[in-house]
Structure formats: C-alpha cells, structure tokens
Amino acid sequence: MSQEMKVIVFKIKDKEYAIPVDKVSGIEKLLHITRVPKAVQFVKGVINLRGVITPIIDLRVRFGFEEVEYDDSTRVIIVMLDDMEVGLIVDSANDVLDIPVSSIEPQPEVVGHSASEYISGVAKIEKRLLVLINLEKALSLEVTENMLKEG
Amino acid sequence: MDMNQYLEVFIEESKEHLQTASEQLLVLEKNPEDLSIVNEIFRSAHTLKGMSATMGYEDLANLTHKMENVLDAIRNSQIILTPEVFDVIFLAVDDLEAMVMSIAEGGDGKRDVSKVVHQLDLIEKGESPVTSSAAEVAAASAVLDKEEMNEGEYDEFEWTVLQQSKEQGFNSFEIAIELRADCLLKAARVFMVFEVLEKAGEVIKSHPPVELLEEEQFDQQFSVTMITKESSEELQKKIMKVSEVDTVVIHSLDLEVARHANVEEDKIAELDNKGQEKNNDMLPSDVKEKKKQPSVKPASSKTIRVNIERLDILMNLFEELVIDRGRLDQISNDLGNQELHETVERMSRITSDLQTIVLNMRMVPVETVFNRFPKMVRQLARDLNKKVELEITGAETELDRTVIDEIGDPLVHLLRNAMDHGIETPEERLAKGKNEEGKIHLKAYHSGNHVFIEIDDDGAGIKKERVLNKALTNGIITRETAATLTDKQIYELIFASGFSTAETISDVSGRGVGLDVVKNTIESLGGSVTIDSKEDEGSIFLIQLPLTLSIISVMLVAIQDEKYAIPLSSIIETAIIKKEDIMNAHNQQVIDFRGKVLPLLFLKDIFEVPISQAEEEFLSVVIVRKGDKLAGLVVDSFIGQLEVVLKSLGNYLTSAFAISGATILGDGQVALIIDCNTLIH
C-alpha cells in the first residue's frame with residue numbers, strides 16, 4: 001500500500017525543496033515589496049496580496065545562503081500556517097509531484113548546516129532528491145533569533 | 001449531531017435574549033403592575049432555555065428554567081414583584097450573561113449558580129423574606145432588622161381589612177404573646193389564647209402562621225394582629241387569664257405611620273414615589289401616565305447576520321476593484337477612446353456608490369454599547385446608595401464596528417466616575433436644593449465626519465481648588481504654571497496619569513485605573529475627550545470619535561524611495577526648515593518652533609531607509625504630537641493628504657517597530673502607517 005503525498009517543488013540555489021500542497025494557497029510572481037523597518041533579516045517586507053497585507057520571507061536568507069537579485073523566475077509561494085498567511089520567496093517553482101510517503105527518509109545528519117533544522121526529511125524520486133521543509137520551524141521567529149545569536 | 005455550526009448563532013441569539021430580558025426588567029421595575037412586560041421577559045427566558053438545552057448547556061438551561069418558573073408565577077400573580085425579587089432576577093440574568101460569555105470565549109458555560117438558584121427557589125415557594133406588595137417590603141425588613149414579633153406582614157387583602165375596620169371604628173392591635181418557658185402544651189395555650197381573642201374581635205394574621213402554631217412550631221413567643229372594639233388594657237387582662245402566659249405586649253397598629261415608614265425604608269429609587277401612591281391606590285392615573293410606552297415592541301427590521309470577516313473580505317475585494325479602476329482610468333486616458341472613457345467613468349461612479357454601501361455595512365448603532373448601561377447604573381446606584389436616573393439619547397447613532405468594540409470600557413469608566421464623584425448622595429442634593437434624584441444624560445450624535453458622545457451629570461461638578469492642590473502635590477504641574485491655567489485646563493488635569501481626586505478609595509472608581517486610561521484609549525482611536533464643569537451644577541465629558549477606524553486620513557510622505565503614511569490625527573502641521581536652523585542639544589538635534597524647542601527625528605535613520613538620493617538644503621518636517629509632547633519628523637518630501645483604508649500587518653508581524661499598520665495605495669503598493677506614539681517618548 002503506497003500512500004502518496006502531493007507536494008509543490010521549488011528551487012533554491014539549484015537544490016529542490018518541497019512543501020505539502022495543502023499548506024500552499026498560491027504561487028505568485030514577485031510583486032512590489034514594501035520594506036518593514038527593523039524587521040528580522042529574512043523578512044523582506046510586506047506585499048499587497050489581493051487586498052491582504054502579506055509578509056514575505058526570503059528563504060535564501062532564511063536558510064543562510066547568499067542573496068541574489070530577483071528575476072523573472074523568482075516566485076512567491078503563499079503558505080497558510082495557523083491563521084498566518086506568509087509568502088516565501090524562492091528562486092523558481094514549477095512542479096507539483098506525487099511522492100510516495102514510503103520514499104521519505106529522515107534527513108541525513110549534517111553538522112553545521114544552518115538549514116538542517118528546518119528540514120523534516122528527504123525524498124528520493126528517481127534521480128531527484130527533494131528536501132521536505134518543516135514550515136513551522138522555517139517560519140518561527142524564535143528559532144531565527146537563536147540562529148542569529150549563534151551566528 | 002455536531003452543534004458547532006450553530007454555536008455562533010446560539011451565542012448571538014442568547015446575548016440578544018438576555019439583553020431583552022435586562023431591558024424589559026428595567027422597564028418593569030418602573031411599571032411593576034404591567035404584566036405584559038413580564039410576558040416579554042418570560043418569552044426571552046423560555047427561548048433561551050430551549051436553545052441552551054438543545055445545545056447541551058445544562059447549567060444554563062437549569063438556571064433559565066428556575067428563572068422562568070419565577071417569571072411564570074409573577075405573571076400569574078402568584079408572586080408579587082418586590083425590589084428583592086427584582087434583585088434576584090437581575091442576579092440570575094447576570095449569571096446567565098456570564099455563562100454565555102464563557103461559552104462565547106470557548107468555555108463550557110459552567111458556573112456555580114447555586115446561590116441564585118436557591119434564592120429563586122425561595123421566591124418560587126413564596127418563602128422569600130418578602131412575598132407580596134411593596135407595603136410589606138418595609139415591614140419585612142423591619143422584622144429582619146429589629147427582630148420584632150409584633151410587626152407582621154400584610155398582603156393587599158389584609159391591608160384593606162385593616163383599613164376598612166379602622167374606618168368602622170375598630171382598633172387594630174399587634175399583640176406579642178410570650179408563653180412561660182416551662183409551658184408544656186404550647187398548642188393548647190395558643191388555642192386558648194385564640195379563643196379569647198376571637199371572642200373579643202377578629203384575628204387578621206398571626207406570626208408564625210396558625211398552622212405552625214398548631215404544630216407547636218415556635219418558641220415561646222408568637223404574635224397576632226387583630227381588630228377589635230375592645231381597648232388594649234381589656235385585651236391584655238383577658239389574655240393574661242390564660243394560664244402559662246408570661247407576657248402580653250399590645251401595640252396599637254397605626255396604619256398611617258406604618259405606611260409612611262414603609263416608604264421611607266424603600267431603598268429603590270425608582271419605586272420610591274410610586275410605592276407610596278401604590279399603597280393608596282393600586283393604579284393611580286399618574287403612574288399609568290409615567291409609563292413610557294411599556295409594551296410597544298420595537299418593529300423587527302428585516303436583517304440578516306453577516307460575519308464581520310466576510311465583510312472584511314468583501315472590502316478587500318472591493319479595494320482590488322478600486323485599484324483596477326484606477327488603472328483602467330489611466331489606460332482610457334492614454335487611449336483617448338470616447339466609448340471606453342464613458343464606460344470607465346460609469347464604472348467609477350458605480351464603484352464609489354458601492355464603496356459607500358460596503359462601508360455602511362460595517363456601521364453599528366451605539367445602542368449595542370449603550371444598552372448595557374441602564375442595568376449597570378441601576379446596580380451602582382444601589383451600591384452607592386444614590387438615586388440616579390440615566391437618560392440615553394441618540395442610541396441609534398451609527399459608528400464603525402471597530403470603534404464600537406473599543407469605546408465600551410472608556411464609557412463605563414466615565415459613567416462610574418459620574419456616579420461616584422459626580423452625583424451626590426440624596427441628602428447632599430436636598431441640602432443643595434436640588435432634586436433628590438441625580439440625572440446622568442448619555443447622548444450620542446453625528447457631526448461632520450465625527451461622532452460625539454456626551455456624558456452630562458447634574459452632580460457636584462469638579463472642585464478647581466482640589467484639582468489644583470492635588471496636581472501640585474502629585475507634581476503634575478508647578479506652582480508657576482498653576483497660576484496661568486484656564487478653568488478648562490484645570491479640569492483636564494484629572495486626565496493626567498497618577499491623578500485621582502477621590503478622598504477615599506471607593507469600590508467603584510478607586511480601582512487604580514485613572515481617567516488617563518480613558519483619555520489614552522480614546523486618543524488611540526483617533527478621538528479626543530474634553531471636560532466642562534461648574535461646581536455644584538455638574539460636569540460634561542465630551543468625547544469626539546472618528547466615524548470609522550478602518551478609514552483614516554493620512555499625510556503621505558516620501559523617505560528616499562519609500563512611502564509612509566502619518567495619521568492626520570497626530571499631525572499639528574508641516575514645515576520646511578533650513579538645515580542651518582537645526583541646533584544640537586545633548587546629542588539630540590532640535591529646532592526652534594514658534595518659541596518651543598522641538599526634538600527632530602530623522603525617519604530615514606530611525607527606519608534605516610536605504611539612501612539613494614543626496615540630501616537637500618531644506619528639510620521637510622512633519623510636526624506631530626503625543627499628548628502634549630511635540631516632535632518633528634524629518635522626511636524627504638510631502639506627497640499629500642488622502643483617505644486610506646487601515647489594514648493590519650497580519651498575525652506574523654505582530655510587533656513591527658513604530659508601525660501601526662499598513663494601507664494599499666492607488667498603485668497597489670503597500671505603504672506603512674507610522675505610529676507616532678511609539679516614536680515620541
């Protein structure tokens with residue numbers, strides 16, 4: 001019995017990541033971002049998402065990668081998490097996949113990689129390696145403060 | 001069955017029924033003989049009982065059931081309304097409200113209501129300290145107070161008998177009889193006493209009742225009320241002949257005095273005058289006249305309930321439409337096509353009409369806040385032993401839902417203040433030559449883009465000297481400034497933080513929360529509050545509020561490439577200053593503004609705005625205020641004034657620094673709204 005999970009696949013720095021599709025409420029092209037002064041570093045600001053002010057997080061910054069210029073392929077994935085609507089900036093997003101739950105493995109122990117704490121597991125589909133993101137941790141403002149302190 | 005989907009409706013409707021019950025109870029208290037009002041309350045209670053039983057809230061259903069029983073007995077004239085009965089019913093409604101609130105907040109609606117249930121039970125069984133007409137209230141309390149046996153309780157019938165027999169020349173006596181402590185057959189003695197009494201006249205009443213006397217359910221003492229043509233001496237001798245009687249005390253029952261005493265002891269202000277009239281004549285015509293259309297039921301308008309969130313969604317969609325309209329407008333101007341131009345213009349008109357409608361849907365009459373006050377004032381008046389009449393006008397005045405939610409607490413505070421410090425005790429008022437009953441007038445009305453709420457009392461007013469002295473001792477003002485203050489400025493000192501003129505901290509307003517909280521709340525709503533007062537004549541608190549919080553007037557400013565909105569309510573004025581006019585004071589750049597030294601806040605530094613343009617020789621400054629403190633916010637340029645829809649930054653960014661919210665500009669971009677209160681310390 002192979003249960004399947006539908007995920008949205010997106011790219012950051014040539015790596016493929018995945019979020020369960022039921023957490024995603026939309027994928028948008030990048031809109032004008034209004035910077036919010038003194039917000040944490042990875043919160044790039046807010047956008048007007050059909051009349052709702054939505055905060056935007058740059059996942060590259062969140063994962064501790066270098067920032068890049070946004071381009072035509074840059075996408076904002078709108079995710080819903082406990083009443084919060086948050087947009088995630090990713091390099092590109094263009095795939096929806098069904099992955100067998102059995103293919104998900106706990107992530108290999110990687111020491112010293114700051115992104116590791118937001119990862120809930122990895123899935124190997126044919127030749128692709130998808131990194132599943134733990135949204136709760138990725139969005140948590142507290143974890144970041146710890147990370148910033150350590151960094 | 002899953003009840004959750006009905007929960008919201010249940011809560012809303014329960015609140016409505018309880019509100020109706022409280023309102024009608026207050027009306028009933030003024031017109032105790034109008035049983036149609038009882039019916040109205042009964043219906044509300046009945047519906048509430050049914051609903052809560054269906055929803056499985058047993059406690060709620062049980063208490064409502066008890067209350068319903070009492071109401072049923074009242075409307076069938078088995079129980080006559082007394083202030084005590086009113087108190088218990090009010091308590092029951094309070095408990096019911098608390099239970100519904102607990103359910104609304106996600107609780108289980110359980111609450112210890114045994115006390116109220118017990119009291120209701122007592123009333124239902126007719127065992128309450130008081131059982132019948134208002135005349136007995138005083139008599140009953142007298143019995144309780146003095147523990148005197150010779151003051152009985154008389155119902156309407158007994159009163160009539162007593163009165164008529166007096167007119168026919170009979171004497172009315174209250175006779176207290178004490179049997180000897182070693183009396184063995186008490187019932188037999190009682191029988192003998194009664195035999196003597198019945199030969200002499202007619203026994204109207206006994207205390208305890210005859211049944212209990214026959215069962216020996218009394219100590220050594222009992223009392224009777226009788227009418228007779230014999231004198232008290234003769235009676236006494238006759239009774240004393242019965243063996244084992246220790247003492248006999250006979251009082252002549254003076255109907256006039258008794259009735260008068262009743263009235264004086266009646267603690268309820270509202271019932272006061274009417275109680276007296278009631279004893280003379282059950283339904284004097286002027287009481288009837290005083291009824292303010294008691295049973296006119298407000299015509300139920302055809303409405304549907306809409307969740308405010310849905311309205312928010314509608315509003316958001318609508319704003320999208322407005323933004324697209326702006327773009328269409330632009331395109332049609334560029335293309336210069338007449339047909340397109342006309343269509344776009346028509347669409348513009350329709351959208352502005354729609355905008356008005358959407359905004360109006362969020363408007364709620366202040367009634368929803370005001371209607372909890374009569375009950376509160378009634379209770380406070382009782383607690384403070386004052387007589388107060390609350391008059392409410394303009395309850396139909398509409399305010400945006402967002403303002404309505406916030407304005408309740410400040411109003412409660414001001415009303416408490418008026419009751420506690422404003423209105424004097426009845427004695428003081430009489431001494432001042434005023435009407436015994438104080439008056440508080442709560443008034444709401446529209447004016448321009450604002451709603452005004454006035455709280456006007458005819459109480460003691462504010463004593464200037466006392467306010468000044470207090471402000472001086474508390475270090476709020478200096479002696480020099482004190483001399484220059486106008487009356488109004490002095491009154492306004494009571495809004496300063498840490499100020500309280502109450503000599504003794506009372507239970508009502510000495511809760512450690514001063515009027516400064518009221519002022520802050522109202523100002524945070526973009527409103528203002530002022531006071532006027534005349535010693536011994538009363539005070540007026542005037543609150544000015546914006547019609548809505550969701551739309552505010554702002555000044556849009558540019559800081560480098562970013563746009564920010566500053567609420568007009570915080571802005572005093574704008575100014576352009578030369579760079580060389582800036583002075584330095586303790587690492588703080590300041591300017592001289594009309595003789596006042598103002599600190600300058602460079603927003604581009606505070607907000608860490610990326611610099612893209614060179615600095616100019618002139619600085620654009622927005623002078624803002626927080627309370628009486630001023631500051632100059634330095635921006636790059638003024639864009640202009642506009643009305644914007646206020647939006648929150650959402651649940652994720654709950655604590656953005658110095659930002660109170662955001663708004664969407666005509667081009668679809670987000671502009672942040674600056675919170676001047678956090679910028680000025």
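## A nonpolar patch on chain B

Helix 14 (308–335) and helix 15 (338–361) of chain B each supply at least two residues of a nonpolar patch. The patch lies on the surface of this predicted model. Its members are Leu314(B), Leu321(B), Ile350(B), Leu354(B), Ile357(B) and Met361(B), and together they have about 480 Å² of accessible area. Helix 15 of chain B gives the largest share, four residues.

Leu314(B) is one of the patch residues, and its place is in helix 14 of chain B. The relative accessible area of Leu314(B) is 36%, so this residue counts as partly exposed.

## Chain B as a whole

Chain B has 681 residues, and 46% of them are buried. Its secondary structure consists of 25 helices and 22 strands. About 35300 Å² of chain B is exposed, and carbon and sulfur atoms supply 50% of that area.

Among the contacts in chain B with a separation of 6 or more, 69% are between residues 24 or more positions apart.

## Chain A as a whole

Chain A has 151 residues, of which 50% count as buried. It contains three helices and eleven strands. Along the sequence these elements follow the pattern β-β-β-β-β-α-β-β-β-β-β-β-α-α.

The exposed area of chain A is about 8000 Å², with 49% of it supplied by carbon and sulfur atoms. For contacts in chain A with a separation of 6 or more, residues 24 or more positions apart account for 55%.

## Where the two chains meet

The contact involves 22 residues from chain A and 26 residues from chain B. Between them the chains bury about 2100 Å², and 65% of this area is on carbon and sulfur atoms. On the side of chain A, Arg35(A), Lys38(A) and Ile53(A) supply 30% of the area buried against chain B, more than any other three residues.

The polar side of the interface can be listed briefly. Six residue pairs are in polar contact across the interface of chain A and chain B, with both residues at pLDDT 80 or more. Strand 4 (43–49), strand 5 (52–58) and strand 7 (84–90) of chain A are the elements that each give two or more residues to the side touching chain B. The count of salt bridges between the two chains is one. Arg35(A) forms a salt bridge with Glu562(B), and the closest N and O atoms of this pair are 2.6 Å apart. Arg35(A) is also one of the three residues named above for their share of the buried area.

## Salt bridges within the chains

Over all chains, the count comes to 31 salt bridges. In chain A, the side chains of Asp98(A) and Lys6(A) meet in a salt bridge at 3.4 Å, N to O. This pair links distant parts of the chain: Asp98(A) is in strand 8 (residues 92–100), Lys6(A) is in strand 1 (residues 4–12), and the two are 92 residues apart. Asp98(A) has a relative accessibility of 39% and therefore counts as partly exposed. Lys6(A) has a relative accessible area of 43%, so it too is partly exposed.

In chain B, Lys375(B) and Asp94(B) form a salt bridge through their side chains, at 2.8 Å from N to O. These two residues are 281 positions apart, with Lys375(B) in helix 17 (residues 373–384) and Asp94(B) in helix 4 (residues 83–104) of chain B. Lys375(B) counts as buried because its relative accessibility is 12%, under the 20% cut-off. Asp94(B) counts as partly exposed because its relative accessibility is 34%.

## A network of salt bridges in chain B

Another salt bridge in chain B joins the side chains of Lys434(B) and Glu424(B), at 2.8 Å from N to O. The two residues are ten residues apart, and each lies in a loop. Lys434(B) is in the loop between helix 19 (426–431) and strand 8 (438–447) of chain B, while Glu424(B) is in the loop between helix 18 (401–422) and helix 19. Both Lys434(B) and Glu424(B) are buried.

Lys434(B) and Glu424(B) also belong to a network of salt bridges. The network further includes Arg429(B), Lys432(B), Asp458(B) and Asp536(B).

Terms used. Residues are numbered from 1 along each chain as its sequence is written. Chains are lettered from A and ligands numbered from 1 in the order in which they are written. This is a predicted model: local features need pLDDT of at least 70, side-chain atom pairs count only at pLDDT 80 or more; totals for chains, interfaces and linings use all residues. Side-chain values use heavy atoms; hydrogens and water are left out. Buried means under 20% relative accessible area, exposed over 50%, partly exposed in between (1.4 Å probe, protein chains only). Contact means heavy atoms within 4.5 Å. Accessible areas come from the Shrake-Rupley method with a 1.4 Å probe; for residues, only the protein chains shown count as cover. Patches are made of residues with over 30% relative accessible area and no salt bridge: like charges are joined within 9 Å, nonpolar side chains (Val, Leu, Ile, Met, Phe, Trp, Tyr) within 5 Å. A salt bridge is a side-chain nitrogen of Lys or Arg within 4 Å of a carboxyl oxygen of Asp or Glu. Buried area is the accessible area (1.4 Å probe) that two parts lose on being put together, summed over both. A polar contact is a pair of N or O atoms within 3.5 Å; within protein, one must be able to donate a hydrogen and the other to accept it, and residues adjacent in sequence count only if both atoms are side-chain atoms.
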